[in-house]
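Biologist: I should like to learn how to read the features of a protein model. May we work through one together?

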Amino acid sequence: MKETISMKLFNTLQRGKEQLAKEALDRIAGFVESQRTEEDSFKDKSRKADLYYTLFGWILSYILGIRLDHKKMTSYLSRQDTEKLDLIHYAAYMRCRIVRQLMEGGKAGLLLRSLFSTEIKPLNEFDGLPHNDMQSPYTQFVWLSLLEDMGNLFRNQNSRFETGYGRSSIRDSGRDSIRDSSRDSDGDSSRSSIRDSSRDSIRDSSRDSIRDSGRSSIRDSSRDSIRDSGRDSDGDSGRAGTIDIPGSLEPYHMKGGGFMNTRDGLTATTNATVAALAVKGQLAGYKENEDLFFLRDLQEASGGFGAAKASPVPDLLSTATSLFMLSCYGKQPKYPVRDFIEAHWLDSGGFSATLLDDKSDVEYTFYGLLALGTI
């Protein structure tokens, strides 16, 4: 069966772990544990417990073999008011449930729980959507991957996907390919160049002149394009709502390649292009196209990708997601990336967003490990 986007991410993270020697793994795991709260949630940039960051922390804990208290995890999730969550945080909540099941019962336990699909809110019922647009590439990426993860019926016919309930889940479609995520204890020092606890060898003469590109390209804009994706309440997936992906992505496509997340945008962004390529790849297969080569050409000689072509500095989020999508299509980047990734590895054990940042969080540490997994 088709491997879900989340399974591709999990397997890439696992490969990233395998790139590292024991000393490096211990440093990264130590940082992840430092971001953990007493309730086994994880902290955001302001050091407060946050559901979105908790997802990254729980995934990293699973991959790195960090033990969490299942009762605390369950208690934390039980306190979330899912009716008030926007799409991003709702997706984080639902995926946190999956990770908790993985950590509690392993793959076998998850398989038993995934025999039936899990009902989720209709897309049109969320108060907050990325860019306030139901059809933006990033919204469609989040929604499609959520449908896959929750076992809702996924159809490739005519490049459409549908929501459906009470049917066999596809969450286990790639689950058997997850290898044991317990931390490797043999300390094979030949597997990575990221073992030196000091970063004296990392040089970047332009660091002082770089400005943080941030994540501003991930959230903006208008809701005028929203239309009801529908969901049949009687569980008949044959009458469930559909979105024609190729048609609805077209208004966001730039001539010459790449995608925007807003219909009135002036330039393609990395986030939108990666999201659109993921949706198209899952629906119609990962076939070469002009947007794939547009994405590859966004890479700078430093090895990094920026949030857009004109971004003043490449960032780890854009780099990791671009490398991940190129790997999904079986394409190599134009330039080597290891030095760029290592340059963002901090003494704390975490990874920074850009070379200007001297602090880390679990989100960017996730992206650091993801980027390593594409090498």
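Modeller: We shall take the overall layout, one helix, the nonpolar cores, the salt bridges and one cysteine in turn. Please note that this is a predicted model, in which local features need pLDDT of at least 70 and side-chain atom pairs count only at pLDDT 80 or more, while totals for chains, interfaces and linings use all residues. Residues are numbered from 1 along each chain as its sequence is written, and side-chain values use heavy atoms, with hydrogens and water left out.

Biologist: How many helices and strands are there in the protein?

Modeller: Helices (H or I, at least four residues) and strands (E, at least two) are DSSP runs, numbered from the N terminus. The protein has twelve helices and two strands, in the order α-α-α-α-α-α-β-β-α-α-α-α-α-α. Of its 375 residues, 58% count as buried; buried means under 20% relative accessible area, exposed over 50%, and partly exposed in between, with a 1.4 Å probe and protein chains only.

Biologist: Is helix 3 enclosed or open, and why?

Modeller: In general, an α-helix has 3.6 residues a turn, so residues three or four places apart point the same way. In helix 3, 14 of the 14 residues are buried, so this helix is largely enclosed by the rest of the structure. Helix 3 covers residues 51-64 and reaches 20 Å from its first C-alpha to its last, close to the 20 Å expected at 1.5 Å a residue; the expected span is 1.5 Å times one less than the number of residues. At its start, a side-chain oxygen of D50 comes to within 2.9 Å of the backbone nitrogen of Y52. Just after helix 3, G65 takes a positive phi of about 80°.

Biologist: Which residues have the most contacts inside the largest nonpolar core?

Modeller: In soluble globular proteins, nonpolar side chains tend to be buried together. A nonpolar core is a set of buried Ala, Val, Leu, Ile, Met, Phe, Trp, Tyr and Cys residues joined through side-chain atoms within 4.5 Å. Here the largest has 89 residues, and W58, L146, M325 and Y367 have the most contacts inside it. Helix 5 (residues 87-113) gives the most to this core, with twelve residues. A second, separate core of five residues includes Y252, F259, A272 and A276.

Biologist: What do K45 and D361 tie together?

Modeller: Side chains of opposite charge can pair when their charged atoms come close. A salt bridge is a side-chain nitrogen of Lys or Arg within 4 Å of a carboxyl oxygen of Asp or Glu, and a search of the whole structure finds eleven. K45 and D361 form one of them, at 2.4 Å from N to O. K45 lies in the loop between helix 2 and helix 3, and D361 in the loop between helix 11 and helix 12, so the pair ties together parts that are 316 residues apart in sequence. K45 is exposed at 53% relative accessibility, whereas D361 is buried at 2%.

Biologist: Which residues does C328 touch?

Modeller: Contact means heavy atoms within 4.5 Å. Not counting residues up to four places away in sequence, C328 touches K8 and Y286. C328 belongs to helix 10 (residues 316-328) and counts as buried, at 17% relative accessibility. K8 is also buried, with a relative accessible area of 16%, and forms a salt bridge with E3, the closest N and O atoms being 3.5 Å apart. Y286 is also among the residues that M325 touches.

Key
Polar contact = N/O pair within 3.5 Å; in protein donor to acceptor, adjacent residues only side chain to side chain.
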